[in-house]
Amino acid sequence: MRTLLITGPGGSGRTTVAAATALTAAREGTPTLVLSADRTDTLGAALGTATGAEPVRVAPGLTAWRPDATAGFRADLAAFQDRAAGVLDLLGAARLDAEEVTPLPGAEELALLRALRDAALSERFELLVVDLPPAPQALALLALPAELRRYLRRLLPPERQAARALRPVLGRLAGVPMPAEWLYETAARWDVELAAVEAVVADPGTAVRLVAEPGPAGLDAVQVAALGLAVRALPVESLVATRVLPEAPADSWLAGPVAQQRKALEEWRQTYAVRPAAHLGRDPRGRDDLAALAVPAADPASAPVEWPVTDRLAEDGVLVWCIPLPGAVREELDLVRRGDELVLTAGPFRRIVPLPSALRRCTVDGAALRDGELRIRFAPDPALWPRER
């Protein structure tokens, strides 16, 4: 299955483009599911068919789904209360009834991640189109599974589960109660669920379609979003330029905005496959309007992002890790080596990346940022590197 993640600056028409992309793919014969996390039914307004907690068939080959964050949050809370009943009773805590539970901020995004996992595991669709939140929130959302898994492994290391029989003894020796069995079971279940979501995001068949209105604000927003996607090693499949105005006479009031859009489009075409979507003179509503936008289906030719390690031992005595970071600024770049991990910070984005196995036996020898690519030099550690006989 191929997954196409749709994001861009707020107000750029992301949901409309997601709906149009899914509709085009379905009309070309690709079984498609389009997902949205919006609390209001903007996806249904664009498609002309109401969407909700259950998947609904919108057109031949096209299904739309807007997961119910409230129901999922209530179910999770109820399960937690059942598992933690002993602790809650010991503390004298009052249980929360399902009717009084309202979803916390971010519940919609978490529901979207769970739906993304379920859709991928169902194997019912060949294309999954995901209407993500605006780019800054979308990037944080895509990073969430890996970050949560890392926190779980640090707080509840899986290897400690092997000492289950010794846990009461260890508790008496340490003088503190050891974590209950259900806590490890819950952590293990969460880890499996998060790993499934992480696998979908990191899959070679997953790419991002950026959406922006051509202009100065759109240029800035796309540049920042592209850097964040590069840090996550997510490929940009294409860029849909929305609300593109028709050519206008030089003496028309439209001449200025048209020239501004043309300049932005020319700049984007130097980097991206740009797909212009014409301004219809109204907000697109219904499948006829979506078809008039002529938004293409997902491009199967987009290649995954690679971070290769180049062997320059013979020439310079180092291995070079090449990380593409388009738009990165040297002054806003920071690198920290922590054991077998690299903490990479580029502008407002930060990621902790495991080092490739060969580089774990090396020391950092320096780094340089050139032509949008970060090149980190690693020198073999004589104490760890295999020696020639």
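Which residue in E12 is the bridge partner of valine 336? It's valine 343, and the sheet around that pair comes up again below. This is a predicted model, so local features need pLDDT of at least 70 and side-chain atom pairs count only at pLDDT 80 or more, while totals for chains, interfaces and linings use all residues. Residues are numbered from 1 along each chain as its sequence is written, and side-chain values use heavy atoms, with hydrogens and water left out.

**The chain overall**

- The protein chain has twelve helices and 15 strands; these are DSSP runs numbered from the N terminus, with helices being H or I of at least four residues and strands being E of at least two.
- Buried residues make up 42% of the 389 residues in the protein chain, where buried means under 20% relative accessible area, exposed means over 50%, and partly exposed is in between (1.4 Å probe, protein chains only).
- Among contacts in the protein chain with a separation of 6 or more, 68% come from residues 24 or more positions apart; a contact means heavy atoms within 4.5 Å.

**The eight-stranded sheet**

- One open sheet has eight strands in the order E3-E4-E2-E5-E1-E6-E7-E8, with mixed pairing; two strands pair if DSSP finds at least two bridges between them.
- Its edge strands are E3 (56–59) and E8 (274–278), each of which pairs on one side only.
- Neighbouring strands of this sheet are turned by 25° against each other on average, direction ignored; axes are lines fitted to C-alpha atoms, for helices over the stretch in contact, and angles run from 0 to 180 degrees between N-to-C directions.
- Helix H10 (residues 255–269) packs on the sheet and touches E6 (206–212), E7 (236–244) and E8, with its direction at about 175° to that of E7.
- Strands E1 (residues 2–7) and E5 (residues 127–131) run parallel and are joined by five bridges; arginine 2 stands opposite leucine 127 in E5.
- Threonine 63 belongs to strand E4 (residues 62–65) and counts as buried because its relative accessibility is 10%.
- Leaving aside neighbours within four places in sequence, threonine 63 is in contact with Thr32, Leu33, Val34, Pro55, Val56, Arg57 and Phe125.

**The three-stranded sheet**

- Another open sheet has three strands, in the order E11-E12-E13, with antiparallel pairing.
- Here the edge strands are E11 (333–338) and E13 (349–354), and each pairs on one side only.
- The average turn between neighbouring strands of this sheet is 15°, direction ignored.
- E11 and E12 (residues 341–346) pair in the antiparallel sense over six bridges, and one of the pairs is valine 336 with valine 343 in E12.
- H6 packs on this sheet by touching E11, E12 and E13, and its direction makes about 45° with that of E13.
- H9 also packs on the sheet, touching E12 and E13, with its direction at about 15° to that of E13.

**Strand E10 and the cysteines**

- Six of the seven residues of E10 (residues 318–324) are buried, so this strand is largely enclosed by the rest of the structure.
- Strand E9 (residues 309–312) runs antiparallel to E10, with four bridges between them; threonine 310 stands opposite valine 320 in E10.
- E10 is also joined to E15 (residues 373–380), antiparallel, by six bridges, and cysteine 322 has arginine 375 in E15 as its bridge partner.
- Cysteine 322 counts as buried because its relative accessibility is 9%; cysteine 362 counts as buried because its relative accessibility is 3%.
- The structure holds zero disulfides, a disulfide being a pair of cysteine sulfur atoms within 2.5 Å.

**Nonpolar cores**

- In the largest nonpolar core, Leu132, Trp268, Trp321, Ile323, Leu325 and Leu374 touch the most other members out of 61 residues; such a core is a set of buried Ala, Val, Leu, Ile, Met, Phe, Trp, Tyr and Cys residues joined through side-chain atoms within 4.5 Å.
- Helix H9 (residues 216–231) gives this core its largest share, eight residues.
- Apart from it lies another core, of 29 residues, including Ala18, Ala59, Leu127 and Ala277.

**Helix pair H5 and H6**

- H5 (residues 107–122) and H6 (residues 135–155) pack at about 65°, with their axes 11 Å apart.
- At this interface, Glu109, Leu110, Leu112 and Leu113 in H5 meet Leu141, Leu144 and Pro145 in H6.
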